Amino acid sequence: MRRSSPGFMVFFSSVFARLSVSARVFGVRGQGHAFFRHQGLRASFGAPARHLAAAAAALLASAQPGSHCYAQDRESDKGFKLNVPIWRQELERSIKLESKSPTSKFMTLATMAGDQPRARTVVFRGFLEEAESLNALKIITDIRSDKIGEIEANPNAELMWYFLDTREQFRIRGELEVISHKSQDPVKKKWRELQWEQTSEGMKQSYEWPSPGTERQPTQDDQADFFDFDASEEPSPNFALLLMIPKTVDVVKLREKPQKRHIHSKKKGEETW
């Protein structure tokens, strides 16, 4: 694509001196309008190329926790909304920076069993894109595991994530929701089905294994119990989609001098942070 002359320049440093952030955004061919809101700051630029808005959002993510970015394409007269909390932008950036590490998507999930804490490592399966405003983190699990009963008794939980390269710690507190074969909500049933489709064949097969924690006897046939069958095309009755719906995100940046801590809280009754 041929680039035209610069459309405008925005200096965030002149408005938020303490942030020491400046940005230059170039216009592209085609007419449109986009704006992003940051503590009252607005700027316009040609925006058929929506990646410009995304770039602006990424810049804001490094500058000011808690703000939001929006873009609107007037050509289609439909709102194209980048309503992505700063903590999520920072989390996605850290995941991308450490994407070559096999542990970059490993998180610690803590629940409560009565008055006793329980923690285990789980795998991040992405954000629930079908309900973007929830900013829900996806996990998959076996409904026969102990955590299901713990969540049903007390859905309050916390995820903890630490990134070695960026030296950032994310603690995500919120409520867990279990979406199993018992779910009667057609929308949530579809979410579960879509997640099953995205699950590897080996992982699908694991949901037909004996119940987690079952004691094995030397005489039992591991080959028959674990390997001699194919995964079902339909979601296994033992398969559940687990959603962490965040309410508070505590981010610690250990690389910065002095070290910084940002606490992001969702506004009660709203979708904004």
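Visitor: What share of the 273 residues in the protein chain is buried?
Guide: This is a predicted model. Buried here means under 20% relative accessible area. Of the 273 residues in the protein chain, the buried share is 42%.

Visitor: How many helices and strands does the protein chain have?
Guide: Both kinds of element occur in the protein chain. The count is seven helices and 13 strands.

Visitor: What part of the accessible surface belongs to carbon and sulfur atoms?
Guide: The protein chain has an accessible surface of about 15,600 Å². Carbon and sulfur atoms hold a share of 50%.

Visitor: What percentage of contacts with a separation of 6 or more joins residues 24 or more positions apart?
Guide: The count takes in contacts in the protein chain with a separation of 6 or more. Among these, residues 24 or more positions apart account for 59%.

Visitor: Which residues of α5 are buried?
Guide: Helix α5 covers residues 186-197. Seen down the axis, its buried residues fall within an arc of 135 degrees, so they line one face of the helix. They are Trp191, Arg192, Gln195 and Trp196.

Visitor: Which elements do the buried residues of α5 pack against?
Guide: The buried residues of α5 line one face. The face turned away from them carries the exposed residues Pro186 and Glu197. On the buried side, the packing partners are β9, β11, α6 and β12.

Visitor: How far does α5 reach from its first C-alpha to its last?
Guide: α5 has twelve residues. At 1.5 Å a residue, the expected reach is 16 Å. The value in the model is close to that: 17 Å.

Visitor: Which backbone nitrogen does a side-chain oxygen of aspartate 185 reach at the start of α5?
Guide: The oxygen belongs to the side chain of aspartate 185. It comes to within 2.9 Å of its partner. That partner is the backbone nitrogen of valine 187.

Visitor: Which residue of α5 forms a salt bridge with glutamate 177?
Guide: Glutamate 177 sits in strand β11, and its partner is eleven residues away in helix α5. The N to O distance is 2.5 Å. Both residues are partly exposed, glutamate 177 at 22% and its partner at 23%. The partner is lysine 188.

Visitor: Why are glutamate 92 and arginine 88 separated by about one helical turn?
Guide: An α-helix has 3.6 residues a turn, so residues three or four places apart point the same way. Glutamate 92 and arginine 88 form a salt bridge, with the closest N and O atoms 3.3 Å apart. They are about one turn apart because their spacing in helix α3 is four residues.

Visitor: Is arginine 88 buried or exposed?
Guide: Its salt-bridge partner, glutamate 92, is partly exposed at 33%. Arginine 88 has a relative accessibility of 2%. The cut-off for buried is under 20%. So arginine 88 counts as buried.

Visitor: How far apart are the closest N and O atoms of glutamate 256 and lysine 260?
Guide: Glutamate 256 is partly exposed, at 29%. Lysine 260 is partly exposed too, at 41%. The two form a salt bridge, and their closest N and O atoms lie apart by 3.3 Å.

Visitor: Which residues do salt bridges that share partners join into one network?
Guide: The whole structure has 15 salt bridges. Some share partners and join residues into one network. Its members are Arg88, Glu92, Glu129 and Glu132.

Visitor: Which backbone oxygen does the side chain of serine 104 reach?
Guide: Serine 104 lies in the loop between α3 and β7. This residue is buried, at 6%. Its contacts include Ile95, Trp161 and Phe163. At 3.4 Å, its side chain reaches the backbone oxygen of glutamate 98.

Visitor: What is the phi of asparagine 135?
Guide: Asparagine 135 is in the loop between β8 and β9. At 2% relative accessibility, this residue counts as buried. Phi is positive in a residue other than glycine, near 55 degrees.

Visitor: Is the peptide bond from lysine 257 to proline 258 cis or trans?
Guide: Proline 258 lies in the loop between β12 and β13. Omega for the bond is near -5 degrees. The bond is cis.

Definitions and conventions. Residues numbered from 1 in each chain as written. Predicted model: local features only at pLDDT ≥ 70, side-chain atom pairs only at ≥ 80, totals over all residues. Heavy atoms only, no water. Helix = DSSP H or I, 4+ residues; strand = E, 2+ residues; numbered from the N terminus. Buried < 20%, exposed > 50% of the residue type's maximum accessible area, 1.4 Å probe, protein only. Polar contact = N/O pair within 3.5 Å; in protein donor to acceptor, adjacent residues only side chain to side chain. Contact = heavy atoms within 4.5 Å. Areas by Shrake-Rupley, 256 points an atom, 1.4 Å probe, with all protein chains shown as cover. Salt bridge = Lys/Arg side-chain N within 4 Å of Asp/Glu carboxyl O. Expected span 1.5 Å × (residues − 1). Arc of directions from axis to C-beta.
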